[in-house]
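Trainee: I would like to learn how to read a structure like this one. Where do we start?

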Amino acid sequence: MSGPLPSPSAARGVMRTAGFLLALLLFTSPAPAQNAEPGVTVSHAVAEFSTPQYSPDFGHFRYANPEAPKGGTVVLAEQGSFDSLNPVILRGQTPRTMGMIYDGLMVRSGDELDVLYGLIAETVEMPEDKSWAVFNLRRQARWHDGTPITANDFVYGWEVLQKHGNPFTRSFLEETVSVEALGDHRLKAAFKSRGAMKPIVKFASTLQPQPRHWWSQPGRDIAQTSLEPPLTSGPYRVAAVDAGRAITYERVRDYWAATLPVNRGFYNFDTIRVDYYRDDDVMFEAFKAGTYDVRPEYRAQRWTTGYDFPAVAEGRVVKRTVANNRPSGAQGLRLNTRRPKLADPRVREALAQLFDFEWVQKNLLYGQYERIRSNFPNSDFGAKGPPTPEEVARLEPYRGKIPERTLTEAFEPPKTDGSGNNRAQLRRALELLREAGWENRGGRLVNAKTGEPFTLEFLEQPGAMVRILQNYGEALKRAGVEANIRVVDSAQYQRRLDEFDFDATVLNLNAFMPPGSELRSYFGSAAADIQGSANYSGIKDPAVDALVEEVVNARDLQSVTTASRALDRVLLWGFYMVPQWYNDEMWVATWTKFGWPETDPRYVAYDAAAVGVWGISTWWAK
């Protein structure tokens, strides 16, 4: 199942990547069609580089139990709030779990990093030059009101997205030039590129149908926020809404796609309720009291020392540690270069020098995390060691326009001895700041020309990151920086992110592997001035733009890998973020009310949003 793509800021914080939204990419495993035109292939699955594991007649995914019993209730919890159920537009904050009420053209396999299988689309037709694709829709596909889903619903979804959709979602469809209905059950999309499969699967994994017949009724406006549950077609529907506090989903008993291979063994609970909490500590206490059932854990200290309550000792709560094979988003303190004081890369490098990861790792993270050294951590697409000759060849055209060390040195974040006495890093930071025109006067860092003090505000929501930033703020003060933390509620936080109204904030950008057109929204110059885009740092660098296009236009795995590593080096030496950490494990605690398959998908996702994909979507109530 697929769901609407959220603003990437919804995935902020430690391991908050919303797995049901991973956009996946492309190369077909052709299957001959009896009536296919010459030069046109038809496939039940698409992937970028690998061969799909599952044949057209497969019965179910190996990590799902097709005999799993239906019934029961699971209660989940989320930190924050919501004020809209319209996921199409930029305005408003929608529940991340809404992915479970939507169906898309195709759904990704949890065993394969780059493979999609048909859901509403039974097959996909493509010519040799990949300039277009026709999706053959299943005739049994239905909205929850019983109305058939047609190609025109996808055309309407395309029109709405182009007119009202948030910029990040639109960025996935930049290569799509037109969408048209060739009858009720044939949907055609045309693309700018030739010979590239990437736009086809971006389209298949992003565009959602919208029921024109429902939205056109009096009193409804798809361009506005609303708490009215929308008409959808997925395995669940919204059953109850307590605005900002809770949302309840009920399983659709006559769900049209329940017996399809991609869904067998999935979506077993009759009821799923998600409760919202303002404070993570309060949310944890509620879990200990049994108020909700499943808790993904993101705090090493709590995972190490906090699960010593009686229910764990008695076996009524179990802790699971699962290997994290998914490419991780790059979590770091994003620096807003739109602010004049942060426009100089020497200032940004100085700020990176002052972050003492080794002390934080030892004293606050219990040694549980890996340091971020790339914008593509936990994957093959990030830079490692000195640049290879192939990477240097990609970087050579930009010599003189990018730092020389980009072409010669391995990028390594500053490293301390963990004692908290990072004097060498402080000296280096002050040197860089002096070069950039800042000097320390009486313990205060000021602009050497104007005397203006250097202030830095961290924008945050309530949570564990506050204590990390408090420690970092003390290090900044030793350099004369006036650092403070502004903690706001989730709605204000989202608004300020969308408007780029911050100095610095911790963000974990979603990982989409292999990298593709989302990089334009993350790092491209054109996105820097578009409110609601994911270019939070305001990056405007011609070298970055050119390398992004090399990644997007790459035709084979080696080219994608080399180009993305070269891009990574330019971004790292630009110091647009202060790198933090990622977890090569996933931690989840659950009350012992549930059963689950013996086999996890390789690319499992455990967070509240993952109920609509893998995570607990294959669990069942005992």
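**Strands, cores and a buried tryptophan**

Mentor: Start with one pair of strands. β1 and strand β6 (residues 121–127) pair in the antiparallel sense, over 4 bridges. Keep in mind that this is a predicted model.

Trainee: What holds paired strands together in general?

Mentor: Strands of a sheet pair through backbone hydrogen bonds, and the pairing is either parallel or antiparallel. Here you can pick out one position: V40 stands opposite P127 in β6.

Trainee: In what order do the strands of the 5-strand sheet lie?

Mentor: The order is β1-β6-β7-β9-β8, in an open sheet with antiparallel pairing. Its edge strands are β1 (40–43) and β8 (176–181), each of which pairs on one side only. From one strand to the next, the twist averages 20 degrees.

Trainee: Which helix packs on that sheet?

Mentor: Helix α1 (residues 151–164) does, touching β7 (132–137), β8 and β9 (186–191). The direction of α1 makes about 145 degrees with that of β8.

Trainee: Which strands stand at the edges of the sheet β2-β5-β4?

Mentor: This open sheet has 3 strands and antiparallel pairing. β2 (45–47) and β4 (106–108) stand at its edges. Each has a single partner strand, so one side of each is left without a neighbour in the sheet. The twist here averages 25 degrees from one strand to the next. Between β2 and strand β5 (residues 115–118) there are 3 bridges, and the two run antiparallel. V46 stands opposite L116 in β5.

Trainee: Now the interior. Which residues have the most contacts inside the largest nonpolar core?

Mentor: The general idea is that nonpolar side chains tend to be buried together in soluble globular proteins. In this model the largest nonpolar core has 78 residues, and L105, F135, L187, F203 and Y249 have the most contacts inside it. α1 supplies the largest share, 7 residues. Take L187: beyond its neighbours within four places in sequence, its contacts include L105, F135, F154 and F203. A second, separate core has 55 residues, among them V317, Y472, A504 and A589.

Trainee: Is W573 buried or exposed?

Mentor: W573 has 7% relative accessibility; buried means under 20%, so W573 counts as buried. W573 lies in helix α16 (residues 557–574).

Trainee: What is W573 in contact with, leaving aside its neighbours within four places in sequence?

Mentor: Look at P403, R405, T406, E409, A410 and F411. Sequence distance and spatial distance are separate readings. W573 and E404 are 169 residues apart in sequence, yet 9.7 Å apart in space, C-alpha to C-alpha.

How values were computed
Residues are numbered from 1 along each chain as its sequence is written. This is a predicted model: local features need pLDDT of at least 70, side-chain atom pairs count only at pLDDT 80 or more; totals for chains, interfaces and linings use all residues. Side-chain values use heavy atoms; hydrogens and water are left out. Buried means under 20% relative accessible area, exposed over 50%, partly exposed in between (1.4 Å probe, protein chains only). Contact means heavy atoms within 4.5 Å. Two strands pair if DSSP finds at least two bridges between them. Axes are lines fitted to C-alpha atoms, for helices over the stretch in contact, and angles run from 0 to 180 degrees between N-to-C directions. A nonpolar core is a set of buried Ala, Val, Leu, Ile, Met, Phe, Trp, Tyr and Cys residues joined through side-chain atoms within 4.5 Å.
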